[in-house]
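Please open the model in a viewer and keep the sequence panel visible. The tour below proposes a series of selections and states what is found at each stop.

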Amino acid sequence: MVPVWAPLSEAGCAVRRGSAYIRATTRKDSCRLNLEARNDISPALRIIPREQHNISRKNISKAALRVLYRLNEAGYDAFLVGGAVRDLLLGGHPKDFDVATSATPDEVKKLFRNCRLIGRRFRLAHVVFGPEIIEVATFRGTGEDEGGGDRHIVDGLIVRDNIWGTIEEDAVRRDFRVNALYYDISDFSVRDYVGGMQDLQDRVLHLIGDPATRYREDPVRMLRAARLAAKLDFRIDDAASAAFAELGPLLADAAPARLFDESLKLFLSGHGLKSFRMLEQCGLLKFLFPTTARALQRGDEALRALVESGLSNTDARVMEGKSVTPAFLFAVLLWGEVRDLAHALIARGLDGNEAWARAAAQVVGEQCQRVAIPRRFTFTMEEIWSLQPRFEQIQRKRVFRLLTHPRFRAAFDFLLLRGAESPALRELGQWWAHAQQLPHDTLAAALSGHGGEGDGSMPTPGKPPRRRRRRKPAGQSDAS
Ligand code: ATP
Ligand code: MG
């Protein structure tokens, strides 16, 4: 994954182009000046020796250790950094291990055969060990004092950032203080440049630097604040959360592909429900999923129950190590809008299949302008939605056709969530749950007499069905 952050301590630095990267070691003095000029950041480096912290190499991935040692043996500074250090200090198990180093990407590449350089805007090295990728980033500088480097800022937003710097500069350009802790492989100490250890203890997220500037540089930091607060059970510092209302709309300028990645981290990392509630509480949900936020604000409690149980089921699956598909979750999040639109189109006389297809296309189209959900997922979402009306058609042929549909399982799980909408849907869910348990012949017998078109009664699986005729309203197809 290409990291798209470009932490920078101050806005207002000149637009620089070109590729004359600045090496770290010459720039310590300028960095000290930067730090001292900023009264919200302690310039004092605190080094926590091995015996005073709980990070053990046993809990660091072998691949990350190999990268750290190799860099260090080659004479470069090498640190574990970011979420991995934060999570290890909190006693957790990091999901990825990022390395920060004084070596440039090209120098890293020379050291590792299994290395590829990625990203034009933010150049990085990926060292690949089977399925595990260790992301190695060169210390980023502020680029305020030297003439070279490659940083490009448009309206306060960083669009390219390849200026190398010192570890001190690198620290102040990260987002939150707790994310700017460095584990030093040379002596196993932890280096704290900005007060991250104190914040870990106080369980609070402070942005480094002026919140408005930092959010303007990269509005996705607002989402990261909500996500990390939910994941870690931390409070967001008042100054960092006060800016959400004013600057939240800047998320409209964030790249939709990046917002898709961020949405996966929010909702598919095992704390989706907490993230969702935190986004709502922070007033940020409306910038990511506007229609969902609107429906919930209108007080659609059934939709809330559906979304919340969809998220908590997903969390449970992630915790059990089971697979989860983004398609299902996005289908859940956007369901309210699709359903209402499809019903409105049907009420206007449109054929059921056509109405569902149009509603799905419209809702997906609008959502993708914000969050670029890849086609392979939107396709599945559309299938999950369009299969919903087919659960109401209890005719033999149709039942068997639906049971063998490749998307049956996901659509059925979705139907179960919709039990929140009405007792009738709950009953329907139970019927299909039971129907799946029955041997083919038993179910066929239960449904015999339910083969004809237009017979919508619900036989009890296992018992001979009651024959009942239902008159369809004119113009409404079975799929509505
Ligand atoms: P997670 O537990 O989700 O991996 P993380 O903090 O490690 O959380 P990553 O996206 O893996 O998040 O980023 C690694 C580190 O890179 C962060 O801890 C932070 O130091 C830095 N970082 C990431 N995104 C940004 C950003 N938008 N602005 C500034 N720094 C960032
Ligand atoms: Mg991480």
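Two strands pair if DSSP finds at least two bridges between them. Helices (H or I, at least four residues) and strands (E, at least two) are DSSP runs, numbered from the N terminus.

This is a predicted model, in which local features need pLDDT of at least 70 and side-chain atom pairs count only at pLDDT 80 or more, while totals for chains, interfaces and linings use all residues. Residues are numbered from 1 along each chain as its sequence is written, and chains are lettered from A and ligands numbered from 1 in the order in which they are written.

**The whole chain**

Begin with the entire chain, which holds 22 helices and 12 strands. Of its 480 residues, 44% are buried; a residue is buried if 20 or more other C-beta atoms lie within 10 Å of its own, exposed if 12 or fewer, and partly exposed in between, with C-beta atoms placed from the backbone. Two residues are in contact if their C-beta atoms, placed from the backbone, lie within 7 Å. Among contacts between residues at least 6 apart in sequence, 69% join residues at least 24 apart.

**The sheet**

Next, select the eight strands of the open sheet, whose order is β1-β10-β9-β2-β3-β6-β5-β4, with mixed pairing. The edges are formed by β1 (46-48) and β4 (115-118), each with a single partner strand, so one side of each has no neighbour in the sheet. From one strand to the next, the twist averages 30°. Strands of a sheet pair through backbone hydrogen bonds, either parallel or antiparallel.

Select residues 98-101, strand β3. Which of its residues are buried on each side? Asp98 and Ala100 on one side, and Val99 and Thr101 on the other, are all buried, and both faces of β3 are thus covered. Four bridges join β3 to β2, and the two strands run antiparallel. Here phenylalanine 79 stands opposite alanine 100. With strand β6 (residues 132-138), β3 pairs in the parallel sense over four bridges, and alanine 100 stands opposite alanine 137.

Move to strand β2 (residues 78-81), which pairs with strand β9 (residues 181-184) in the antiparallel sense over three bridges. Leucine 80 has tyrosine 183 in β9 as its bridge partner.

**Leucine 71**

Now select leucine 71, in helix α2 (residues 62-73). Is this residue buried or exposed? Leucine 71 counts as buried because it has 25 C-beta neighbours inside 10 Å. Apart from neighbours within four places in sequence, leucine 71 is in contact with Tyr76, Ala78, Thr101, Ala103 and Leu111. Glutamate 107 is 36 residues away from leucine 71 in sequence and 9.5 Å away in space, C-alpha to C-alpha.

**Two residues with positive phi**

Most residues other than glycine have a negative phi, and most peptide bonds are trans. Select phenylalanine 188, in the loop between β9 and β10 (190-192); its phi is near 65°, a positive value in a residue other than glycine. Arginine 203, in the loop between α6 (196-202) and β11 (204-205), also has a positive phi, near 55°. Phenylalanine 188 counts as partly exposed, with 14 C-beta neighbours inside 10 Å, and arginine 203 counts as partly exposed, with 13.

**Helices around α18**

Two packed helices are described by the angle between their axes and the distance between the axes. Axes are lines fitted to C-alpha atoms, for helices over the stretch in contact, and angles run from 0 to 180 degrees between N-to-C directions.

Select helix α16 (residues 326-347) and helix α18 (residues 375-387), which pack at an angle of about 55° with their axes 9 Å apart. The contact is made by Pro326, Ala327, Phe328, Phe330, Ala331 and Val338 of α16 and by Phe377, Thr380, Met381, Ile384 and Trp385 of α18.

Then replace α16 with helix α17 (residues 352-370), whose axis comes within 10 Å of that of α18 and crosses at roughly 140°. Here Trp356, Ala357, Ala360 and Val364 of α17 meet Thr378, Met381, Glu382, Trp385 and Ser386 of α18.

**Last stop**

Finish at phenylalanine 400, in helix α19 (residues 396-403). Phenylalanine 400 is partly exposed, with 15 other C-beta atoms within 10 Å. Histidine 440 lies 40 residues away from phenylalanine 400 in sequence and 8.9 Å away in space, C-alpha to C-alpha.
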